[in-house]
Amino acid sequence: MVVVMDGGATDKDVRAIVDLVQAACGEAFVSRGLTRTIVGLVGDVDIFTSLNLRSRSGVADVVRISAPYKLVSREHHPDRMTVTVGGVPIGPGTLTLIAGPCAVETAEQTLSAATMARAAGASLLRGGAFKPRTSPYAYQGLGEAGLKILADVSAETGLPVVTEVIDPASVELVAAYADMLQVGARNMQNFALLQAVGDAARPVLLKRGMSATIEEWLMAAEYIAKRGNLDLVLCERGIRTFEPATRNTLDISAVPVAQRFSHLPVIVDPSHSGGRRDLVVPLARAAIAVGADGLIIDVHPKPNLALCDGDQALAESDLRELAEIMTALPPLVGRTPTLVPGRPWPARRSAIPVPVLPR
Ligand code: PEP
Ligand code: MN
């Protein structure tokens, strides 16, 4: 249920609604938009109905939300939202490129990948320190040492860090180094993890589970939002279908569908979708044309030596085409403004403590 406050509602009016709802054992989430304030209610609808909230001072309307997800629905927040990560916006009107290695392997490899990413127009650095691998024998990542490398490379390049967290116990550690916490496809329904990142003071990138419906994906986002963290970005990364020619099938329609149902930004991962280097740029083109708010892409200085997902990593020689479509395509499909510009180079950051790398 959502309480829409009228234009003249005061802070006291909003507080009164929150107090009433909390007294009825419900939770109230206040969103202040440019033109109106909305209070999202979570709890027993019958009790809320009995409070007759429509008659309270400053209330314009009370709307029952029909979708099973509430806080992440467009009914709760009609305008599409921009999430800011380390000062970089992701949302309507942006085409934010997040790029970097699938996994952090060494300081040199990560710095090279970040340098390549930045030159291609990336404004955020991706890289996994904790890797959720299908095989227990596959490279599992460097753990905290990898986080330290990411922080160091971030300081060197000015690119804020997006990195995956795979269990609730390490959320605090990862949040100490990262600007954005990634919840991967395999963990989309790890509810303890969703709640833990919901408690963290970091934006979250929520990848769609490989067998999840859009509704399940939005329900997973709702778990995070319900803990009070509304800085959420959704990422379509391909789903499992009967088609073996690609690693996953990029569900391109999920982008406008999720944007229609939810106000959250939606980005696309063409690397994990296709699983093949030659498909990254074509899938990125489709993502830009369909209206994705950004892209997340694997790059590696030597893809043939990569410890993880080398087949889909772009090498330096592939990046020119990516950079070209990122700038040339958006205006052709009616999208302006286009690319989120990268930071001045070199830029040193001070937002997060940058530990000294062990040598
Ligand atoms: C990743 O981005 O490194 C990753 C593991 O992706 P996904 O969770 O989409 O498989
Ligand atoms: Mn990967």
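User: How do the residues of the shell around ligand 1 divide into nonpolar, polar and charged?

Analyst: A shell can be read by class before it is read by name. In this predicted model, the shell around ligand 1 holds six charged residues, three polar and two nonpolar.

User: Which residues surround ligand 1?

Analyst: Membership is a matter of distance, with a heavy atom within 4 Å as the cut-off. Here the surrounding residues are C102, R126, K131, E164, Q182, G184, A185, R186, K207, R237 and H272.

User: Where does an oxygen atom of ligand 1 lie 2.8 Å from an N or O atom in a side chain?

Analyst: A polar contact is a pair of N or O atoms within 3.5 Å. The side chain of R126 supplies one such atom, 2.8 Å from a ligand 1 oxygen. The side chain of K207 also has an N or O atom at 2.8 Å from an oxygen atom of ligand 1. At A185 the partner belongs to the backbone, and the distance to a ligand oxygen is 2.7 Å. As for cover, ligand 1 taken alone exposes 290 Å², and 97% of that is buried by the protein.

User: Which pocket does ligand 1 sit in?

Analyst: Ligand 1 occupies the largest pocket, whose volume is about 210 Å³. Lining that pocket are 17 residues, with P132, R186, R247, H272 and D309 the closest to its centre.

User: How many residues of each class are in the lining of the largest pocket?

Analyst: The lining is sorted in the manner of the shell. Nine of its residues are charged, four are polar and four are nonpolar.

Key
Residues are numbered from 1 along each chain as its sequence is written. Chains are lettered from A and ligands numbered from 1 in the order in which they are written. This is a predicted model: local features need pLDDT of at least 70, side-chain atom pairs count only at pLDDT 80 or more; totals for chains, interfaces and linings use all residues. Side-chain values use heavy atoms; hydrogens and water are left out. A polar contact is a pair of N or O atoms within 3.5 Å; within protein, one must be able to donate a hydrogen and the other to accept it, and residues adjacent in sequence count only if both atoms are side-chain atoms. Accessible areas come from the Shrake-Rupley method with a 1.4 Å probe; for residues, only the protein chains shown count as cover. On a 1 Å grid over the protein atoms alone, a cavity is a set of points where a 1.4 Å probe fits but cannot get out, and a pocket is an open set with protein on both sides within 12 Å along at least five of seven lines; lining residues have an atom within 4 Å of a point. A molecule sits in a cavity or pocket if more than half of its atoms lie within 2 Å of its grid points. Ala, Val, Leu, Ile, Met, Phe, Trp, Tyr, Cys and Pro count as nonpolar, Asp, Glu, Lys and Arg as charged, and the others, Gly among them, as polar. Grid points are joined across faces, edges and corners, and a volume is the space filled by probe spheres set on the points.
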